[in-house]
Structure formats: structure tokens, C-alpha cells
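Got the viewer open? Here's a short walk through the model, one selection at a time.

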Amino acid sequence: MAIFKGAGVALITPFKDNGEVDYEGLEKLVDFQVEEGTDSIIVCGTTGEASTLTHEEHLECIKVVVDKTNKRIPVIAGTGSNCTETAIYLSKEAEKFGVDGLLLVTPYYNKATQGGLIEHYTEIAKSVDVPIILYNVPGRTGCNILPKTVAALVNTVDNIVGMKEACGNISQTGALMALTDGKLDLYSGNDDQIVPLLSLGGVGVISVLSNIAPRETHDIVAKYLSGDTKGSLELQLKYFPLIEALFSEVNPIPVKAAAHLMGLSGPKLRRPLTPMEPANLEKLSKLMKEAGLL
């Protein structure tokens, strides 16, 4: 059984003006997401600026989200690292807090061979009992986990159950689903490819768009899974310009700006991320108004 089906939000991490994590603001974001129909919360992923959090902040964010969500919807914690031992540590601690699953990005910068990826993920999975979603985003990590590698893991490691696929390559994703033969829960990692990946057997999306349009993103998936493929596609295409604007600069720069425009969060980012360029911000604001978000 899938950890969740539908739209999971890749939640932003709010910061105070002095740069500290705004845990109270984080709790408010959780309530907003639950009230607006999000199907799952993914905390401390790329969009949550996990790479700039200390280990203590990282774990506190996970604990705060788990406690505030209070089992209303599943919580998945990003605990991946380019260091296997670090990923094991974060994963074991997150499990203690009561997360429903883990999201593990491929090792970045030092990367890994395909054999190294098998060892990396197997060792992490052995250290915990909760289900695991692999996260493939080679455009950020420089490391592409190939379909044969995923199939080998799914066939040998019981708690590796899903994949957030953000490679952008539909052919690779098709091969992934063919080789895993119904044993893998596929989630789109790209908001502009929700419907295409659902058509390959996907069960949902882990979404940036959901930070500002949670109900609409939920509906894209819900319509498709209920058989209303036309309605799902219409929504996907309707929000396509807004999705493009949310990725006009490095994520999460635009979505943090958008959340601030909506009064959901402060605009603060941690360096090396910097505020959105004025021209891009103006375009984003215009599209949000057209979408009825402002």
C-alpha cells in the first residue's frame, strides 16, 4: 500500500528575519496544507532548503511537522545525504519521531556508481523499518539512478517502496515502471509532468506548486486517479504558466516569494540563495493573480 496517493507538498522552511528557523511559522504552514487538502507533507527536502540546515535544525523541523500534523495526513522526512552514515543517522532519528516514510535523494557532488547507489540505499534501508521513497533529481545532484538499479533495490529491499522521479526523461521513467513491474509507487518530482507520469502508472506528485495551490494540485491527481483524465489534463495545462514561473529561478526562490505574497511565510532565504529578481517577481505575481491566488 502506498504511503500516500495524490499530491504531497515539498514544504518550504520559513526563516525569521535574523535567519533562524521559524518553527511557529512552520506549524502554520502545516495547518494550511492540511486544511487545503494536501495528501502528504514532505519536510526537509530540496524545497525546504535542507542543505543549509544544521543537523539539529533538520531534526527539529521534522519533529515539529510530525507533532503538528498529528497523524492527520502522512509525513515524509527528507533524510538523504551524500554521506551514507549521515543519512543513516538522520533516518533513524526521524523514525523515532514517528514519520510515515523517508525521502532519500541520490548522493550529490561525490555522486556514486550504480553499484555504490545499491550499497548506499541498502545500508540506509536496513537501519530503519519505515518505508522509503528514492529521489532522483540528476539536474541537481549530478547522479542519475538508472531503472535497472531501482529494480534491483525494489526486488531485494522490502522497505524501498517508491520513487520521486525528477529526471525529466519520460522514456527513462517508462523503463523504470516496466522493470519494476507494479512493485514501485511512482511520484512525479516535476510539477509540469504530473499527468505524463500518472499515465505511466504514477500515484501522485511531490510538489512545489502545492505550497501555494495545494487544493488545485490535489485536484490534478485526484481527477486523474478517479478516471477524469480530461479534467486532470485541463488543470495541468491551466497551471503550466504558473509552474514555469515557479521555476524561473532556482527552487525554492520563486515559491518562497510566492508564499510571502500570499502572507503564508516570510521571504527569507539562506545563502547562497538570494531574493527573486524584480522582473521575475512581477511576472510571478501577475500569474498568481490570474490564478486567483492573490
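Start at Asp181, the residue that follows α7, and check its backbone: phi is positive there, near 50°. Keep in mind as you click around that this is a predicted model.

Now step back into the helix itself and select α7, residues 170-180. Which of its residues are buried? Colour Gln172, Thr173, Leu176, Met177 and Thr180 and you have them. They span an arc of only 135° around the axis, which puts them on the same side of α7. The general logic is handy here: an α-helix has 3.6 residues a turn, so residues three or four places apart point the same way. Flip the view to the face turned away from that buried side, and you'll find the exposed residues Ser171 and Ala178.

What does the buried side pack against? Show β5 (132-136), α6 (147-156), β6 (160-165), β7 (185-188) and α8 (194-199): the buried residues of α7 pack against these. Before leaving, zoom in on the N-terminal end of α7, where Asn169 acts as the cap. One of its side-chain oxygens sits 3.0 Å from the backbone nitrogen of Ser171.

Next, the pockets. The largest one has a volume of about 640 Å³. To centre on it, pick Gly45, Thr46, Ala50, Ser51 and Tyr108, which lie nearest its centre among the 29 lining residues. Add α2 (55-69), α3 (84-97), β4 (101-105) and α5 (138-141), since each of them supplies at least two residues of the lining. By class, that lining has 13 nonpolar, 13 polar and three charged residues.

The second largest pocket comes in at about 320 Å³. Of its 19 lining residues, Val137, Ala166, Gly189, Asn190 and Phe247 are the closest to its centre. Helix α11 (residues 240-246) gives the largest share of this lining, three residues. The classes here are eight nonpolar, six polar and five charged.

For enclosed space, there's one cavity of 30 Å³ or more, with a volume of about 40 Å³. Select Val66, Thr69, Asn70, Lys71, Ile73, Val75, Gly98 and Asp100 to see what lines it: three nonpolar, three polar and two charged residues.

Last stop: Ser265, in the loop between α12 (253-261) and α13 (278-290). Is this loop residue buried or exposed? Buried, with a relative accessible area of 9%. Leaving aside residues up to four places away in sequence, Ser265 touches Ile12, Pro14, Ala259 and His260.

Note on methods. Residues are numbered from 1 along each chain as its sequence is written. This is a predicted model: local features need pLDDT of at least 70, side-chain atom pairs count only at pLDDT 80 or more; totals for chains, interfaces and linings use all residues. Side-chain values use heavy atoms; hydrogens and water are left out. Buried means under 20% relative accessible area, exposed over 50%, partly exposed in between (1.4 Å probe, protein chains only). Helices (H or I, at least four residues) and strands (E, at least two) are DSSP runs, numbered from the N terminus. The arc is that of the directions from the helix axis to the C-beta atoms. Contact means heavy atoms within 4.5 Å. A polar contact is a pair of N or O atoms within 3.5 Å; within protein, one must be able to donate a hydrogen and the other to accept it, and residues adjacent in sequence count only if both atoms are side-chain atoms. On a 1 Å grid over the protein atoms alone, a cavity is a set of points where a 1.4 Å probe fits but cannot get out, and a pocket is an open set with protein on both sides within 12 Å along at least five of seven lines; lining residues have an atom within 4 Å of a point. Grid points are joined across faces, edges and corners, and a volume is the space filled by probe spheres set on the points. Ala, Val, Leu, Ile, Met, Phe, Trp, Tyr, Cys and Pro count as nonpolar, Asp, Glu, Lys and Arg as charged, and the others, Gly among them, as polar.
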